[in-house]
Amino acid sequence: MHLPHSVRNLVLVGFMGSGKSSVGREIARRWAFRFVDTDATIRQRYKKSILDIFTAFGEPVFRDEENRALQDLQNSLQFVIATGGGIVLQPRNLPLLRALGVVLWLTASEEIIWERVSRNQNRPLLQTENPRLTISNLMAARSPLYGAVADLTVDTSGLTHQQVADRVVEAIRVWSPDRHEDHY
Ligand code: S3P
């Protein structure tokens with residue numbers, strides 16, 4: 001089962017380490033949709049890592065590029081789109097996310113996010129004295145933003161990417177009938 005015909009794309013939002021890219025790639029494979037990751041688009045554009053882009057040009061330039069990546073996707077059809085964890089910070093991104101299709105928020109507990117992101121040191125916003133506390137603060141600030149933009153939420157805690165993909169597909173299946181009714 002894919003998306004209802006009235007829904008053009010699947011957009012994944014959520015905190016760093018919530019599994020947006022891995023799960024998104026898996027769902028795209030299952031549905032034979034194209035997969036795009038806004039971080040990867042920006043990395044390719046600059047031929048640099050996200051950390052290097054932040055270091056060389058600063059966060060505002062990165063945020064402008066994030067907005068541009070969303071604008072460039074507006075005519076897409078049958079894409080699974082993974083976004084950077086900060087995509088919800090800019091109010092101008094919210095209508096763009098919603099216009100793309102169904103927005104699904106992947107959640108995980110703080111402990112699990114910490115366990116996942118502490119494995120690599122390449123996230124610019126976590127280059128702080130106390131990254132564990134930074135995560136806690138950022139999650140508290142951002143959770144309401146993810147919640148406000150998302151149509152659906154799937155908790156990923158303790159699940160493999162395959163299991164999360166199963167849950168995402170099921171969440172969309174359950175949600176779809178309401179969408180169809182909206183259009184009759
Ligand atoms: C960011 C999350 C990162 C990346 C950048 C900023 C954020 O993406 O866009 O480091 O503000 O949370 P992931 O969510 O894919 O780690």
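Which backbone atom lies 2.8 Å from an oxygen atom of the ligand? In this structure, which is a predicted model, that role falls to a backbone N or O atom of Gly85. Let's start at the ligand and work outwards from there.

The ligand has 13 residues around it, and the closest are Lys20, Asp39, Arg63, Gly85 and Arg142. Gly85 uses its backbone, as we just saw, but side chains take part too. Asp39 has a polar side-chain atom 2.7 Å from an oxygen atom of the ligand. Arg63 does something similar: an N or O atom in the side chain of Arg63 sits 2.7 Å from a ligand oxygen.

Arg63 is worth a longer look. You'll find Arg63 in helix H4, and with a relative accessible area of 9% it is buried, because the cut-off for that word is under 20%. The side chain of Arg63 also has a partner within the protein: a polar contact of 2.9 Å joins it to the side chain of Glu66. So what else does helix H4 hold? Asn67 lies in helix H4 as well, and at 4% relative accessibility Asn67 counts as buried. Follow the chain on from Asn67 to Gln90 and you pass along 23 residues of sequence, yet the two C-alpha atoms are 8.2 Å apart in space.

Now for the empty space. If you roll a probe the size of a water molecule over the atoms, you see where empty space is left. The largest pocket in this model has a volume of about 800 Å³. Its lining is made of 35 residues, and those nearest the centre are Met16, Gly17, Ser21, Asp39 and Arg123. Asp39 may ring a bell, as it is also among the closest residues to the ligand.

Which parts of the fold build that lining? At least two residues each come from helix H1 (20-31), strand E2 (34-37), helix H2 (38-46), helix H3 (50-57), helix H4 (59-72) and helix H6 (110-117). H1 gives the largest share, with 4 residues. As for chemistry, the lining divides into 11 nonpolar, 13 polar and 11 charged residues.

Strand E2, one of those contributors, is home to Val36. Val36 counts as buried, at 15% relative accessibility. For a sense of scale, take a line from the C-alpha atom of Val36 to that of Pro144: it spans 25 Å, and the two residues are 108 apart along the chain.

Next, the aromatic rings. The model has 4 aromatic pairs. In one of them, Phe54 and Phe62 have ring centres 4.9 Å apart and planes at 45 degrees, so the pair is tilted. Both partners are tucked away from the surface by the accessibility numbers: Phe54 is buried at 14% relative accessibility, and Phe62 is buried at 3%.

Another pair is formed by Trp105 and Tyr146, also tilted, with 5.7 Å from centre to centre and 35 degrees between the planes. Here the two rings come from distant parts of the chain: Trp105 belongs to strand E4 (residues 101-107) and Tyr146 to helix H7 (residues 131-149), with their positions 41 residues apart in the sequence. Are these two buried or exposed? Trp105 counts as buried at 16% relative accessibility, and Tyr146 is buried too, with a relative accessible area of 2%.

Finally, a look at the backbone. Most residues other than glycine have a negative phi. Where does this chain depart from that habit? One place is Ala32, whose phi is near 55 degrees, a positive value in a residue other than glycine. Ala32 sits in the loop between H1 and E2, and at 67% relative accessibility it counts as exposed, since that word applies over 50%.

Gln78 is another case: it is not a glycine, but its phi is positive, at about 60 degrees. Gln78 is also found in a loop, the one between H4 and strand E3 (79-82). At 40% relative accessibility, Gln78 counts as partly exposed.

Definitions and conventions:
Residues are numbered from 1 along each chain as its sequence is written. This is a predicted model: local features need pLDDT of at least 70, side-chain atom pairs count only at pLDDT 80 or more; totals for chains, interfaces and linings use all residues. Side-chain values use heavy atoms; hydrogens and water are left out. On a 1 Å grid over the protein atoms alone, a cavity is a set of points where a 1.4 Å probe fits but cannot get out, and a pocket is an open set with protein on both sides within 12 Å along at least five of seven lines; lining residues have an atom within 4 Å of a point. Grid points are joined across faces, edges and corners, and a volume is the space filled by probe spheres set on the points. Ala, Val, Leu, Ile, Met, Phe, Trp, Tyr, Cys and Pro count as nonpolar, Asp, Glu, Lys and Arg as charged, and the others, Gly among them, as polar. Rings of Phe, Tyr and Trp (its six-membered ring) pair if their centres lie within 6.5 Å; planes under 30 degrees apart count as stacked, over 60 as edge-to-face and the rest as tilted. Buried means under 20% relative accessible area, exposed over 50%, partly exposed in between (1.4 Å probe, protein chains only). A residue is near a molecule or strand if one of its heavy atoms lies within 4 Å of it. A polar contact is a pair of N or O atoms within 3.5 Å; within protein, one must be able to donate a hydrogen and the other to accept it, and residues adjacent in sequence count only if both atoms are side-chain atoms.
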